[in-house]
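Hello,

Here is the structure I promised to pass on to you. Have a look at it first, and then read on for what I found.

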Amino acid sequence: QWNLLNQGQSHPVARGTEFRGRSGADIGIMRAWEQNRTDSSAVLVGVIDSGADVAHPDLAINLRPEFGFDFVQNDEAEEDNIGHGTFVSSVIGAVGNNSAGLVGVSWRAALVPLKAADKLSFFQRVLRMIGGVTWDNFLQAMERAIRLRAEGHNLRVINFSAGGPLQSDLLDDVIRLAGERGMLFVTPAG
């Protein structure tokens, strides 16, 4: 995972090409781990994506499905049928130091799966809506996260690992509202 400790190692990318990292261009996580700062289980992290594999050995202990929801099927099951939400959740909070799979930034994160994307529609809709989820699903997931915070649950971070060229006043407003409630909205850049 070169983003956690980049020593200039190569990283395979699409179509057989290769990307070589730049040593030191990482998030500096080793310093935090050396200070034993791997437990953020008191903070809920909402992950708006394609769900999460609740049986994943690196995630099961960190998932909080009792707070999550599937806005695609409108039920409590947040199964990930394309894997993207599971991968994103792993980057955030896969259990570390267990000789299995990935290691997350926080080994003890409390992850709330908020499923807003389904099947290949996640990728097919990228050009139609930011991140490949419908506006309704995204807004319902944001509403649930904000409501959980208002109810006293310590949901402090919302991750939405998708992006696109669209700009929306509605999107800006809901992100601003989350910020006013003391929540950090995280999305990829680059």
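A good place to start is G152, which comes after helix α4 and has a positive phi, near 100°. Please keep in mind that this is a predicted model.

Now for the overview. Five helices and seven strands make up the chain's elements, and from the N terminus they follow the order β-β-α-β-β-α-β-α-α-β-α-β. The chain has 190 residues, of which 42% are buried. Of the contacts with a separation of 6 or more, 71% are between residues 24 or more positions apart. The exposed surface of the chain comes to about 10300 Å², with 53% of it supplied by carbon and sulfur atoms.

The sheet comes next. It is an open one of five strands, ordered β4-β5-β3-β6-β7, and the pairing is parallel. At its edges are β4 (69–70) and β7 (184–186), each of which pairs on one side only. Inside the sheet, β3 (residues 39–49) and β5 (residues 108–115) pair in the parallel sense over eight bridges. If you want to find this pairing on screen, look for V45 opposite L111 in β5, and for V47 opposite P113 in β5. On the other side, β4 and β5 also run parallel and are joined by two bridges; here F69 has L114 in β5 as its bridge partner.

How many of the eight residues of β5 are buried? Seven of them are, so β5 is largely enclosed by the rest of the structure.

Two helices are worth following against this sheet. Helix α2 (residues 84–93) lies across β3, β5 and β6 (155–159), and runs at about 155° to β3. Helix α4 (residues 135–150) packs on the sheet and touches β3, β4, β5, β6 and β7, with its direction at about 165° to that of β6.

I spent a little longer on α4. With 16 residues at 1.5 Å a residue, α4 should span 22 Å, and because its end C-alpha atoms are 22 Å apart, the two values agree. Which residues of α4 are buried? They are N137, F138, A141, M142, R144, A145, I146 and L148. The spacing in that list is easier to read with one general point in mind: an α-helix has 3.6 residues a turn, so residues three or four places apart point the same way. The cover over the buried residues of α4 includes β3, β4, β5, β6, α5 and β7.

That leads to the nonpolar cores. The largest has 24 residues, and those touching the most other members are I48, L114, F138, M142, L155, I158 and M183. Two or more residues each come from β3, β5, α4, β6 and α5 (169–180). Which element gives the most to this core? That is α4, with six residues. Another core, of nine residues, lies apart from it, and V47, A52, L59 and I92 are among its members.

If you only have a few minutes, I would begin with α4: F138 and M142 are buried in this helix, and both are listed among the residues that touch the most other members of the largest core.

Enjoy exploring it, and do write back with any questions.

Best wishes

How values were computed
Residues are numbered from 1 along each chain as its sequence is written. This is a predicted model: local features need pLDDT of at least 70, side-chain atom pairs count only at pLDDT 80 or more; totals for chains, interfaces and linings use all residues. Side-chain values use heavy atoms; hydrogens and water are left out. Two strands pair if DSSP finds at least two bridges between them. Helices (H or I, at least four residues) and strands (E, at least two) are DSSP runs, numbered from the N terminus. Contact means heavy atoms within 4.5 Å. Axes are lines fitted to C-alpha atoms, for helices over the stretch in contact, and angles run from 0 to 180 degrees between N-to-C directions. A nonpolar core is a set of buried Ala, Val, Leu, Ile, Met, Phe, Trp, Tyr and Cys residues joined through side-chain atoms within 4.5 Å. Buried means under 20% relative accessible area, exposed over 50%, partly exposed in between (1.4 Å probe, protein chains only). The expected span of a helix is 1.5 Å times one less than its number of residues. Accessible areas come from the Shrake-Rupley method with a 1.4 Å probe; for residues, only the protein chains shown count as cover.
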